[in-house]
Amino acid sequence: MQAVLNCQSLTKSFGAKTALDHFTAQFCGGRITSLLGPNGSGKTTLIKLAAGLLTPTDGAVSIGGRAPDAHTKAHVAYLPDRMSLPGSLQVREAIEFFSDFYADFSAEKASALLSELHIQPGDRISAMSKGTREKLQLALVMSRAAELYLLDEPIGGVDPAARDRILDTIIRNYREDAALVISTHLIGDIEPVLDDVVMIQNGKPVLTGSAEELRETHGKSMDALFREVFKC
């Protein structure tokens, strides 16, 4: 399997605080990898570095062998952990915005996904609940034919009944040869779809590998293993 996202001794500091500390890991195409760790462990920092929103203090991050730049950003679909679209936009305007900005975006696919999620073209973002706004952003991001999908807490704001639908939306709509990286605290919900796991603490990977092999080796679910590793 070819690494789409490669991190080598990746370090990011904010003043005296080190958010990532010589972090090394690979994220391969055709695999769904979950970043797991407590708050402040460095998950969001790693995702923002891969998305090209932050610059490394030391070490290297590459997408398809290339450091983040305008070229890689065109092939990376990033879902932030909070709404990034103006509240004044209607759904149809958000679709137009993505169509103008991303060459790999399918407006038809987005419209179909949003219809499945009961989000209407005339709905205004400012009038939506937090969960509905997250569904909107997810549908837009998953309507791209990207090489790398970076999803930061994609199901954090939706109710338990909606999580299965959101996960189904993710699984059915990402490019099969792409790498998909999901940061989440809701391990039990995401575990059934995981191929690989990277557990991170204090900016360093503490346990990595195939989800299936880790379950077999430790005789535990990912949720139970997470609680053991981080002593929750």
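# A tour from Ser 143 outwards

Begin by selecting Ser 143, which is found in the loop between α5 and β6; bear in mind throughout that this is a predicted model. Ser 143 is buried, because its relative accessible area is 2%. If residues up to four places away in sequence are not counted, Ser 143 touches Asp 104, Phe 105, Ser 106, Lys 109, Ala 110 and Leu 113. Add Ile 95 to the selection: Ser 143 and Ile 95 are 48 residues apart along the chain, and their C-alpha atoms are separated by 9.9 Å.

From Ile 95, move on to helix α3, residues 91–101, where Phe 97 and Phe 101 both lie, four residues apart, which is about one turn of the helix. How are the rings of Phe 97 and Phe 101 arranged? Their centres are 5.7 Å apart and their planes stand at 10 degrees, under the 30 degrees that limits stacking, so the pair is stacked. Phe 97 is partly exposed, with a relative accessible area of 39%, while Phe 101, at 57% relative accessibility, counts as exposed.

Now select Phe 98 and Tyr 102, whose ring centres are 5.3 Å apart and whose planes are at 50 degrees, so that this pair is tilted. Phe 98 and Tyr 102 are both buried. Showing Phe 105 as well completes a cluster in which ring pairs link Phe 97, Phe 98, Phe 101, Tyr 102 and Phe 105; the structure as a whole holds seven aromatic pairs. Stay on Tyr 102 and display Arg 144, whose charged end sits over the ring of Tyr 102, 3.9 Å from its centre.

The next stop is the largest nonpolar core, which has 50 residues, and in which Leu 140, Met 142, Leu 151 and Leu 180 touch the most other members. Helix α5, residues 130–141, gives the most to this core, contributing five residues. Centre the view on Leu 180 and, leaving aside its neighbours within four places in sequence, look for its contacts, which include Arg 31, Ile 32, Met 142, Leu 151 and Tyr 174. Apart from this core lies another, of 24 residues, among them Phe 27, Ile 47, Tyr 78 and Ile 200.

Tyr 78 leads to strand β5, residues 76–79, from which Val 76 and Tyr 78 point one way and Ala 77 and Leu 79 the other way, with all of them buried. Strand β5 runs parallel to strand β6, residues 148–152, and four bridges join the two. Within this pairing, select Leu 79, which stands opposite Leu 151 in β6.

Finally, turn to the open sheet that three strands form in the order β2-β1-β4, with antiparallel pairing. Why is one side of β2 and of β4 left without a neighbour in the sheet? β2 (17–28) and β4 (58–63) stand at the edges and each has a single partner strand, so one side of each has no neighbour there. From one strand to the next the twist averages 15 degrees.

Strand β1, residues 3–14, pairs with β4 in the antiparallel sense over five bridges, and Cys 7 can be found opposite Val 61 in β4. Further along, Lys 12 lies over the face of Phe 14, at 5.3 Å from the ring centre. To close the tour, show helix α1, residues 43–50, which lies across β1, β2 and β4 and runs at about 120 degrees to β1.

Definitions and conventions: Residues are numbered from 1 along each chain as its sequence is written. This is a predicted model: local features need pLDDT of at least 70, side-chain atom pairs count only at pLDDT 80 or more; totals for chains, interfaces and linings use all residues. Side-chain values use heavy atoms; hydrogens and water are left out. Two strands pair if DSSP finds at least two bridges between them. Axes are lines fitted to C-alpha atoms, for helices over the stretch in contact, and angles run from 0 to 180 degrees between N-to-C directions. Contact means heavy atoms within 4.5 Å. Rings of Phe, Tyr and Trp (its six-membered ring) pair if their centres lie within 6.5 Å; planes under 30 degrees apart count as stacked, over 60 as edge-to-face and the rest as tilted. Buried means under 20% relative accessible area, exposed over 50%, partly exposed in between (1.4 Å probe, protein chains only). A charge sits over a ring if NZ of Lys or CZ of Arg is within 6 Å of the ring centre and within 35 degrees of the ring normal. A nonpolar core is a set of buried Ala, Val, Leu, Ile, Met, Phe, Trp, Tyr and Cys residues joined through side-chain atoms within 4.5 Å.
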